[in-house]
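Subject: Structure handover

Hello,

Here is the structure we spoke about. Please load it first, then read the notes below.

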Amino acid sequence: MMDKLQELKAEIEKIKKQMAELKSLPEGQRQVEGQRLNALKKNAEAELFKFLNKQKQDEINSKLLNDKLIDITIPSYNGKTRVEGGALHPITKMMRRVVQIAVSMGFHVEDGREIVTEYENFDSLNIAKEHPARDIQDTFYLSNGMLLKTQTSALQNIILKKYGDELRKHGIISAVFPGRCYRNEATDASHEFAFFQCEGVMVGENISISNLIYVMEELISGIFETQIKIRLRPGFFPFTEPSFELDMSCPFCGEAGCPSCKHSGWIEFSGCGMIHKNVLAMGGIDGERYSGFAFGFGLTRLAMMKYGIKDVRLLNSGNIEFLRSIR
Ligand code: DAH
């Protein structure tokens with residue numbers, strides 16, 4: 001038995017054949033018969049079109065009915081236990097939060113490379129060849145002489161060069177660049193060989209320490225969703241002059257003293273300072289005309305503080321129970 005599709009096709013073929021034979025009919029009859037066959041052919045073709053459309057629709061419907069559609073965001077039940085949906089890693093959450101606040105303040109966001117040159121990681125930051133900082137920040141060297149960056153500061157040079165033209169055109173550059181850093185560390189509850197930092201720079205014609213203070217106060221208050229005070233202590237970094245250690249008022253006790261701030265009311269947050277003229281020069285920026293600040297803080301440490309994580313090693317452990325406990 002012919003199926004419907006073949007039937008419809010055969011019908012059209014038959015009409016076409018009849019049409020080909022029209023020539024042999026006498027003139028008057030040919031016209032009448034021609035019109036009749038044309039109408040028949042149109043009808044048959046419309047019928048075929050309708051049939052094919054319905055066939056396609058049926059196919060889609062049966063696929064939708066039979067296929068298992070997987071939505072990874074819906075907690076599901078596998079018959080025995082509830083299966084939880086996925087969630088963001090605490091560091092990812094913290095990074096996104098910092099970036100969101102920085103962007104709302106007009107900062108560009110740069111995707112920090114993990115592999116950099118020795119020049120970018122040390123020389124361009126005014127760290128002399130024999131400076132002890134190179135020892136403290138011992139890291140993993142690749143066979144091509146490049147290394148896994150020990151600090152997000154390693155991207156300062158790249159960013160100053162990248163945005164130099166924009167600075168000369170618009171008078172300001174500001175960027176944050178979070179990323180993974182590496183150091184040759186013996187791991188324990190507070191040390192990991194891979195960890196995250198976030199760096200920021202702002203350079204312009206009249207950028208001063210007041211701008212640094214304001215930006216940091218806004219940024220940290222945004223992160224902790226409460227008004228935070230900051231204070232600067234003198235510090236030393238070869239790439240800033242002057243350099244500071246920046247403390248924030250404890251967001252957990254409001255300076256009353258608690259275990260988080262070791263009962264001092266203050267927590268060390270970041271290193272910062274005014275970018276050294278040599279660093280600006282190596283980035284192709286005229287240090288006579290422009291000035292800027294830089295800051296760098298530990299994102300990993302910040303995530304631990306914010307989510308009450310006591311052992312840094314848990315963050316890289318892939319321990320699902322732990323990750324689920326951080327919501
Ligand atoms: N790179 C420094 C570190 O890893 C942190 C730092 C200090 C970054 C001062 C800065 C800065 O931008 O100005 O210890």
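Helices here are DSSP runs of at least four residues, numbered from the N terminus. Helix H6 is such a run, residues 156–170. Arg 168 and Asp 165 both sit in H6, 3 residues apart, which means about one helical turn separates them. Their side chains meet in a salt bridge, at 3.4 Å from N to O. Asp 165 is exposed, at 57% relative accessibility. Arg 168 is partly exposed, at 44% relative accessible area.

One caution before the rest: the model is predicted.

**Domains**

The domain assignment gives domain 1 as 2–66 and domain 2 as 90–325. The centres of domain 1 and domain 2, taken over C-alpha atoms, are 73 Å apart.

**Helix H1**

H1 covers residues 4–20. Its 17 residues should span 24 Å at 1.5 Å a residue. The end C-alpha atoms are 25 Å apart, which agrees. Leu 5, Leu 8, Ile 12 and Ile 15 are buried in H1. Down the helix axis, the buried residues of H1 fall within an arc of 100 degrees, so they line one face. What do these buried residues pack against? The partner is helix H2, residues 27–66.

**Helix H3**

H3 has 15 residues, with an expected span of 21 Å. Its end C-alpha atoms are 21 Å apart, in agreement. The buried residues of H3 are Pro 90, Ile 91, Met 94, Val 98, Val 99, Ile 101 and Ala 102. They cover an arc of only 165 degrees around the axis, so they lie on the same side of H3. The face turned away from that buried side carries Arg 96, Gln 100 and Ser 104, which are exposed. Just after H3, Gly 106 takes a positive phi of about 95 degrees.

**Nonpolar cores**

In soluble globular proteins, nonpolar side chains tend to be buried together. Here the largest nonpolar core has 44 residues. Which residues have the most contacts inside it? They are Val 98, Phe 297 and Leu 302.

These elements give two or more residues to this core:

- helices H3 (90–104), H7 (209–224) and H9 (299–307)
- strands E7 (194–204), E9 (240–249), E10 (266–275) and E11 (291–298)

H7 gives the most to this core, with 7 residues. Now take Leu 302. Leaving out residues up to four places away in sequence, Leu 302 touches Met 94, Val 98, Ile 223, Phe 224, Phe 269 and Phe 297. There is also a second, separate core of 24 residues. Among its members are Leu 147, Ala 154, Phe 177 and Val 279.

**A loop residue: Ile 207**

Ile 207 lies in the loop between E7 and H7. Is Ile 207 buried or exposed? Its relative accessible area is 10%, and the cut-off for buried is under 20%, so Ile 207 counts as buried. Ile 207 touches Ile 172, Met 202, Met 274, Ser 291, Gly 292 and Phe 293, again not counting residues up to four places away in sequence. Along the chain, Ile 207 and Ala 154 are 53 residues apart. Their C-alpha atoms are separated by 21 Å.

**Salt bridges**

How many salt bridges does a search of the whole structure find? The search returns 19. The pair in H6 is covered above. Two further pairs and a network are worth listing.

Asp 247 and Arg 231 meet through their side chains, at 2.9 Å from N to O. This pair links distant parts of the chain: Asp 247 is in strand E9, Arg 231 is in strand E8 (residues 230–235), and their positions lie 16 residues apart in sequence number. Asp 247 is buried, at 3% relative accessible area. Arg 231 is partly exposed, at 35% relative accessibility.

Arg 113 and Glu 120 also form a salt bridge, at 3.5 Å from N to O. Glu 120 is buried, with 11% relative accessible area. Arg 113 is partly exposed, with 38%.

Finally, a network of salt bridges links Glu 118, Asp 123, Lys 129 and Arg 134.

Best wishes

Conventions:
Residues are numbered from 1 along each chain as its sequence is written. This is a predicted model: local features need pLDDT of at least 70, side-chain atom pairs count only at pLDDT 80 or more; totals for chains, interfaces and linings use all residues. Side-chain values use heavy atoms; hydrogens and water are left out. Domain bounds come from an automatic or database domain assignment. The expected span of a helix is 1.5 Å times one less than its number of residues. Buried means under 20% relative accessible area, exposed over 50%, partly exposed in between (1.4 Å probe, protein chains only). The arc is that of the directions from the helix axis to the C-beta atoms. Contact means heavy atoms within 4.5 Å. A nonpolar core is a set of buried Ala, Val, Leu, Ile, Met, Phe, Trp, Tyr and Cys residues joined through side-chain atoms within 4.5 Å. A salt bridge is a side-chain nitrogen of Lys or Arg within 4 Å of a carboxyl oxygen of Asp or Glu.
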